[in-house]
Amino acid sequence: MVTTLLIISLVLVALYVGATILATRELPESISAMVFDLKKPWQCVWSAWLASVTVMISPALTAAMPDVWYGIAGHILIVLLAMTAAMPLLPGYHNKAHYICGIAAGIMSQVCVALICPWWLLVWCVFFILPFCDRKWYMPGLPMWLIRSKVFIAECVCFVTEIGSLLTY
């Protein structure tokens, strides 16, 4: 059952991000920033999406943490993801708090990966390969698509490492 929930969350993320990429015809700046591309009444769709992904990974995350004290890291991650999902729904502008919760959730997810299966942290090596993706082996700077989407790619790596570590647990 837990594996099924993880696969459903993976599919939900792939569908939502894929639909966003198809609609805008470019990589988003970040997954968190996608919510502010929507009009205010439609931001609840993004919040419901992130909340449902959080609910789907929660059972696997709490089961995979090796110790009670380590389990606190998993619970903190769940709370941070829930807060990130809820911030756009609050009245007023909470962009700063939204991004702070999102960044903290990304960091906490990697702490959880380090506690569950640290080998998955090797996925971060993709950042050494990315500058060479436009077939230029010497570059004075990074390609424009990478400069704009580096946070999105980092968030994708966070998600891949989290799901990968939970699936191999």
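In this predicted model, Cys 158 is tucked away from the surface: its relative accessible area is 13%, so the residue counts as buried. A look for disulfides across the whole structure turns up 0. Cys 158 is no exception, being in no disulfide, and the nearest cysteine sulfur, that of Cys 156, sits 9.3 Å away. A disulfide would need the two sulfur atoms within 2.5 Å. Another cysteine, Cys 125, has a relative accessibility of 35% and therefore counts as partly exposed.

Cys 158 also turns up in the largest pocket, which has a volume of about 560 Å³. There are 27 lining residues, and those closest to the pocket's centre are Leu 81, Gly 102, Gly 106, Glu 155 and Cys 158. Four helices give two or more residues each to this lining: H2, H3 (68-86), H4 (95-116) and H6 (144-168). Of these, H4 supplies the largest share, with 8 residues. Sorted by class, the lining comes out as 17 nonpolar, 8 polar and 2 charged residues.

Helix H2, one of the contributors to that lining, also has a part in the aromatic story. Searching the whole structure gives 2 aromatic pairs. In one of them, the ring centres of Tyr 16 and Trp 49 are 4.6 Å apart and the planes meet at 20 degrees, so this pair is stacked; the cut-off for stacking is an angle under 30 degrees. Tyr 16 belongs to helix H1 (residues 2-24) and Trp 49 to helix H2 (residues 43-64), which means that the pair ties together parts that lie 33 residues apart in sequence. Both partners are out of the way: Tyr 16 is buried, at a relative accessible area of 17%, and so is Trp 49, at 8%.

The other pair joins Trp 49 to Trp 46, and here the geometry is tilted, with 6.0 Å from centre to centre and 55 degrees between the planes. These two tryptophans both sit in helix H2, 3 residues apart, or about one turn of the helix. Trp 46 is buried, just as Trp 49 is. Put together, Tyr 16, Trp 46 and Trp 49 make up one aromatic cluster.

Technical notes
Residues are numbered from 1 along each chain as its sequence is written. This is a predicted model: local features need pLDDT of at least 70, side-chain atom pairs count only at pLDDT 80 or more; totals for chains, interfaces and linings use all residues. Side-chain values use heavy atoms; hydrogens and water are left out. Rings of Phe, Tyr and Trp (its six-membered ring) pair if their centres lie within 6.5 Å; planes under 30 degrees apart count as stacked, over 60 as edge-to-face and the rest as tilted. Buried means under 20% relative accessible area, exposed over 50%, partly exposed in between (1.4 Å probe, protein chains only). On a 1 Å grid over the protein atoms alone, a cavity is a set of points where a 1.4 Å probe fits but cannot get out, and a pocket is an open set with protein on both sides within 12 Å along at least five of seven lines; lining residues have an atom within 4 Å of a point. Grid points are joined across faces, edges and corners, and a volume is the space filled by probe spheres set on the points. Ala, Val, Leu, Ile, Met, Phe, Trp, Tyr, Cys and Pro count as nonpolar, Asp, Glu, Lys and Arg as charged, and the others, Gly among them, as polar.
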